[in-house]
Amino acid sequence: MLSHRDDGFEVSPKLFALGSMSPNLRRLRAVAMPWLHELTARTGWATNLAILADGRALVVDEVYGRTSRSMPRMIGARLPLHATAIGKALLSGFSDDALDAFLEHTALRPYTQNTIVRGNLIAEQITRIRAAGVALSFEEWTLGTSGIAAPIYLDGRLEAALAVVGEPDDRVMQSHAQYVRIAGSRLSQALTPELGVRAA
């Protein structure tokens, strides 16, 4: 499962291949890829695709643009739900009871001075995200980085989320939000209920 290197261990090709064999996840990634590329082409920002896994946002695919080449690679990263746009988009699919339980039992760590850690404020954000169809995060997880994300639904059920990530600029973020919202909606339509992906 692991490969030995002089400086430690890394995931082996066999383990990577095993994870790639999931038919549901493979379909999600394949159907989403054109929309990730289109978002990157429109915005120049990095684009991420994530599913819910063990209370965090698990990044399962990404595309990098002309202005995002220096950003760290995120595939396999597990991001906090409360401090990232893509995590908040996933939270927007929680039922009210599930959201209350998450906010009550999860340690909302302040990653930066901008991280929102009060449960009532996060709940208010989730209400706005549900209405607007898009989530924003302004330097809440990492300084110098902001995100815009949209939930992906199938038959009324949250399946995943996609996001663009780049430098914080409110004007630019607002202009990109419409593209992210449209991409999330169209990806939801492209994933038919019969072949939909079940979030982990």
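Student: Which residue in β8 is the bridge partner of Asn48?

Tutor: In this predicted model, Ala163 of β8 is the bridge partner of Asn48. That pair belongs to a set of 5 bridges that join β3 to β8, and the two strands run antiparallel.

Student: Which residue in β4 is the bridge partner of Asn48?

Tutor: Glu62 takes that role in β4. Strand β4 covers residues 56–63, and its pairing with β3 is antiparallel, over 7 bridges. Asn48 thus has a partner in β8, Ala163, and a partner in β4, Glu62.

Student: Are the residues of β3 buried or exposed?

Tutor: Strand β3, residues 46–53, is mostly covered, with 8 of its 8 residues buried. To read a strand, one may list its two sides separately. Ala46, Asn48, Ala50 and Leu52 lie on one side, while Thr47, Leu49, Ile51 and Ala53 lie on the other. Both faces are covered.

Student: How many residues lie between β3 and β4 in their hairpin?

Tutor: There are 2 residues between the strands. Asp54, in the turn, deserves attention for its backbone angle. In general, most residues other than glycine have a negative phi. Asp54 has a positive phi of about 55° although it is not a glycine. Asp54 is also exposed, at 69% relative accessibility.

Student: Which residue in the loop between β6 and β7 has a positive phi?

Tutor: Glu139, a residue other than glycine, has a phi near 55°, and its place is in the loop between β6 and β7. Glu139 counts as buried, at 17% relative accessibility, whereas Asp54 counts as exposed.

Student: Glu140 is found in that loop as well. What does its side chain contact?

Tutor: The side chain of Glu140 makes a polar contact with the side chain of Lys88, at 2.8 Å. Glu140 is buried, at 4% relative accessibility. Leaving aside neighbours within four places in sequence, Glu140 is in contact with several residues, including His82, Tyr111, Asn114 and Gln125.

Student: Let us turn to helix α6. Which of its residues are buried?

Tutor: The general idea comes first: an α-helix has 3.6 residues a turn, so residues three or four places apart point the same way. In α6, the buried residues are Val172, Met173, His176, Ala177, Val180, Ala183, Gly184, Leu187 and Ser188. What covers these residues includes α2 (23–43), β6 (135–138), β7 (146–154) and β8 (157–166). Strand β8 therefore appears twice in this reading: it helps cover the buried residues of α6, and it is joined to β3, as its 5 bridges show under the pairing criterion of at least two.

Student: What are the span and the bend of α6?

Tutor: Helix α6 has 21 residues, 170–190, and reaches 30 Å from its first C-alpha to its last, close to the 30 Å expected at 1.5 Å a residue. The helix bends by about 30° at His176, which is one of its buried residues.

Student: Which side chain reaches the backbone at the start of α6?

Tutor: A side-chain oxygen of Asp169 reaches to within 3.1 Å of the backbone nitrogen of Arg171.

Student: How many aromatic pairs does the structure hold?

Tutor: The structure holds 1 aromatic pair. Phe94 and Phe102 form it in an edge-to-face arrangement, 6.1 Å centre to centre with 80° between the planes. Phe94 is buried, with a relative accessible area of 19%, and Phe102 is buried too, at 11%.

Methods: Residues are numbered from 1 along each chain as its sequence is written. This is a predicted model: local features need pLDDT of at least 70, side-chain atom pairs count only at pLDDT 80 or more; totals for chains, interfaces and linings use all residues. Side-chain values use heavy atoms; hydrogens and water are left out. Helices (H or I, at least four residues) and strands (E, at least two) are DSSP runs, numbered from the N terminus. The expected span of a helix is 1.5 Å times one less than its number of residues. The bend at a residue is the angle between axes fitted to the seven residues ending there and the seven starting there. Buried means under 20% relative accessible area, exposed over 50%, partly exposed in between (1.4 Å probe, protein chains only). Contact means heavy atoms within 4.5 Å. A polar contact is a pair of N or O atoms within 3.5 Å; within protein, one must be able to donate a hydrogen and the other to accept it, and residues adjacent in sequence count only if both atoms are side-chain atoms. Rings of Phe, Tyr and Trp (its six-membered ring) pair if their centres lie within 6.5 Å; planes under 30 degrees apart count as stacked, over 60 as edge-to-face and the rest as tilted.
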